[in-house]
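Here is a short walk through one bent helix and a histidine elsewhere in the chain. Please keep the 3D view open as you read.

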Amino acid sequence: MMLFCVYVVFLSGSRGSLLAMLIAFITWIIRNTSKGNRIKHLLMLLPILIIFYFCYTLLLDSLDEGLLARYTEDDTSGHIRLYTWGLIINGFFNSNILQFLFGHGLGSCIRDFNLDAHNMLLQQIYEMGVLGFIIMVIF
């Protein structure tokens, strides 16, 4: 079942989900085994990682171009996100005092920049302002 979950997460194209699944599995091993068996169980993870690597290399040939680009060195999504975040931060700090405190309005990231923020915190502080952001963090 675990290999099926890894396979499905891999096909989703989410690298963060793969990393989270690996961290969750290692944490489960550490928390649910006795001290003497931890090394043994962590060593059991090695064949799973080797199998995953071979599945990864075999699946690369069958993936479409968009999904394949997410797992190769040609992925530039990180650069695009940094550029988008810079636009939002500049827009936030160049706002008037009312927009700084109360925000630009829901959906304004897409309206003003024609881009999704890909960062919930930046999007919330831009759209809801400092006061809305503080309320969101508190609750």
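The notes below take the helix, then two residues.

This is a predicted model, in which local features need pLDDT of at least 70, side-chain atom pairs count only at pLDDT 80 or more, and totals for chains, interfaces and linings use all residues. Residues are numbered from 1 along each chain as its sequence is written, and side-chain values use heavy atoms, with hydrogens and water left out.

Helix α8 covers residues 120-138; helices here are DSSP runs (H or I, at least four residues), numbered from the N terminus. Its 19 residues have end C-alpha atoms only 15 Å apart, against the 27 Å of a straight helix at 1.5 Å a residue; that expected span is 1.5 Å times one less than the number of residues. Look at Gly129, where a kink of about 125° is centred (the angle between axes fitted to the seven residues ending there and the seven starting there). Gly129 is also among the buried residues of α8, which include Tyr126 and Glu127.

Met136 lies in α8, and His104 sits in the loop between α6 (97-102) and α7 (108-113). Buried means under 20% relative accessible area, exposed over 50%, and partly exposed in between (1.4 Å probe, protein chains only).

| Residue | Relative accessibility | Class |
|---|---|---|
| Met136 | 25% | partly exposed |
| His104 | 15% | buried |

Beyond four places in sequence, Met136 is in contact (heavy atoms within 4.5 Å) with Leu121 and Gln124. With the same kind of neighbours left aside, His104 is in contact with residues including Ser95, Tyr126 and Glu127.

Technical notes. Helix = DSSP H or I, 4+ residues; strand = E, 2+ residues; numbered from the N terminus.
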